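Subject: Structure handover

Hello,

Here is the structure you will be working with. Please open it first, then read the notes below it.

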Amino acid sequence: MLQLDSHPTGRHFLQIPGPSPVPDRILRALSLPTIDHRGPEFGALGRKVLAGIRQVFKTQHPVVIYPASGTGAWEAALSNTLSPGDHVLMFETGHFASLWQKMAARLGISTEFLVYGGTDADLPQAPGWRHGVQADLIEARLRKDTGKKIKAVCVVHNETSTGVTSDIASVRRAIDAAGHPALLMVDSISGLASADFRHDEWGVDVTISGSQKGLMLPPGISFNAISPRALDAMKSATLPRSFWAWDEIVEMNKDGYWPYTPNTNLLYGLSESLDMLLGEGLDNVFARHQRWGAGVRAAVNAWGLPIQCADPAVYSPVLTGVITPEGIDADAVRRLIHQRFDLSLGTGLGKLKGRMFRMGHLGDSNDLTLVAMVAGVEMGLKLSGVKLAGSGVQASMDYFAGHAAPAALQKAA
Ligand SMILES: Cc1ncc(COP(=O)(O)O)c(C=O)c1O
């Protein structure tokens, strides 16, 4: 008899917004033999990935790679730059911004949480969770801080719980306009390598990221990109840190090594991922995700369901959140889609539990896998009794057919 837990035929549709589907090329690289992490071959690998990852962050400065999930890299950013009791300004864009705020509070940092000022189209239980960071509120708050007590401004670039990509350059302009010395720390765990990101140009002091989203790797490594100002802040920061401490890592990274045992096989994968992303060109990578996002949103609009992000200017190229009609449990819809079609969607997190689901459009995907995802969701919505205004599958097909990918046009020429 068929075991219910046996692996179904065909590929599982991993359409959560990370971990993202891992390309076969990367899976093969991960399976290379583990080598001596103090030997010469490892040094060459270390130097290669440390140089390559700087290009992805668009920085000339050090990027530290931790054998940890993104949460670890959040803690590293805070503990290397701040002291107990320091005051930081954060912005509530969604669940991940809230988790980072909770972590900061647990570390003994005094946190202040700004929230979107408007009321338009917000779900009442989650005010602000349909919008991006509002730089004017940050500027106004910093201007009031005449004693310069605020040590850092912390924002999430791509809020994975909602599908909103905030304008980080505008936050830097706000800090500068207020003439404030606060550090700018940005979580781009799900933005990096999918959405445009420029650590140096946008004057970010610490960028936090992870392996399992745009880099198309399994979970398990995470990053801090560090500006000279942040390295300087480390010298006087007194929060306890040991494993996360940048100084020893940055020093040993100069030769391609780590003070502890690094995640060798994930670094093989990172090396392959960098070859793929930099080979394609980051601008092409960003354009590809923008196009994917537009094709998936065409489906949601055709269904007549609201997109979680209420501001088209900040639609995420990485994922699209879909609000289910009142009385329809979004998690029940997700479960049904998983059982019937072997397709995993992201759940509504925190305050959005049961009210929405998330469709990922990142990682090893293409037009046809995304149309298949849309088909699975459309069937699941109908089976759950949701009345749809029209066919999302048709709308996605029309979008992708009508907007050829530049790479496909090149091949045809
Ligand atoms: C924006 C964002 N921040 C932080 C995290 C936490 O990272 P991790 O689960 O890798 O610890 C995630 C995970 O999805 C995320 O999407």
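Of the 413 residues in the protein, 58% are buried. Please keep in mind that this is a predicted model. The fold is made up of 14 helices and 13 strands. Along the principal axes, the C-alpha atoms fill a box of roughly 60 × 55 × 50 Å. A compact globule with 413 residues would have a radius of gyration near 22 Å, and the protein agrees with this because its own value is 22 Å.

Next, the ligand.

Which residues are around the ligand? They are S69, G70, T71, W74, F96, N158, T160, D187, I189, Q212 and K213. Sorted by class, this shell holds three nonpolar, six polar and two charged residues. Helix α3 (residues 70–81) supplies the largest share of the shell, with three residues.

Some distances may help when you look at the ligand on screen. In the side chain of S69, an N or O atom is 2.5 Å from an oxygen atom of the ligand. The side chain of Q212 also has an N or O atom close to a ligand oxygen, at 2.8 Å. With D187 the ligand atom is a nitrogen, and a polar side-chain atom of D187 lies 2.6 Å from that nitrogen. Taken alone, the ligand exposes 390 Å², and the protein buries 87% of that area.

Then the salt bridges.

Side chains of opposite charge can pair when their charged atoms come close. How many salt bridges does a search of the whole structure find? The search finds 20. Three of the pairs are described here.

R11 and D24 form one salt bridge, in which the closest N and O atoms are 2.8 Å apart. This pair links distant parts of the chain, 13 residues apart: R11 is in the segment before β1 (13–15), and D24 is in helix α1 (residues 24–30). Is R11 buried or exposed? R11 has a relative accessibility of 54%, so R11 counts as exposed. D24 has 37%, so D24 counts as partly exposed.

A second salt bridge joins K48 and D275, with 2.9 Å between the closest N and O atoms. K48 belongs to helix α2 (residues 40–57) and D275 to helix α9 (residues 264–280), so this pair ties together parts that are 227 residues apart in sequence. K48 counts as partly exposed because its relative accessibility is 34%. D275 is also classed as partly exposed, because its value is 37%.

In the third pair, D196 forms a salt bridge with R198, and their closest N and O atoms are 2.6 Å apart. Where do these two residues stand between buried and exposed? D196 has a relative accessibility of 25%, so D196 counts as partly exposed. R198 is at 25% as well, so R198 counts as partly exposed. The pair is part of a network of salt bridges that links K58, D196, R198 and E201.

To find your way around, you could start with S69 and its 2.5 Å distance to a ligand oxygen, and then turn to K48 in helix α2 and D275 in helix α9.

Regards

Methods. Residues are numbered from 1 along each chain as its sequence is written. This is a predicted model: local features need pLDDT of at least 70, side-chain atom pairs count only at pLDDT 80 or more; totals for chains, interfaces and linings use all residues. Side-chain values use heavy atoms; hydrogens and water are left out. A salt bridge is a side-chain nitrogen of Lys or Arg within 4 Å of a carboxyl oxygen of Asp or Glu. Helices (H or I, at least four residues) and strands (E, at least two) are DSSP runs, numbered from the N terminus. Buried means under 20% relative accessible area, exposed over 50%, partly exposed in between (1.4 Å probe, protein chains only). A residue is near a molecule or strand if one of its heavy atoms lies within 4 Å of it. A polar contact is a pair of N or O atoms within 3.5 Å; within protein, one must be able to donate a hydrogen and the other to accept it, and residues adjacent in sequence count only if both atoms are side-chain atoms. Accessible areas come from the Shrake-Rupley method with a 1.4 Å probe; for residues, only the protein chains shown count as cover. Ala, Val, Leu, Ile, Met, Phe, Trp, Tyr, Cys and Pro count as nonpolar, Asp, Glu, Lys and Arg as charged, and the others, Gly among them, as polar. The radius of gyration is taken over C-alpha atoms; the globule rule is 2.2 Å times the number of residues to the power 0.38.
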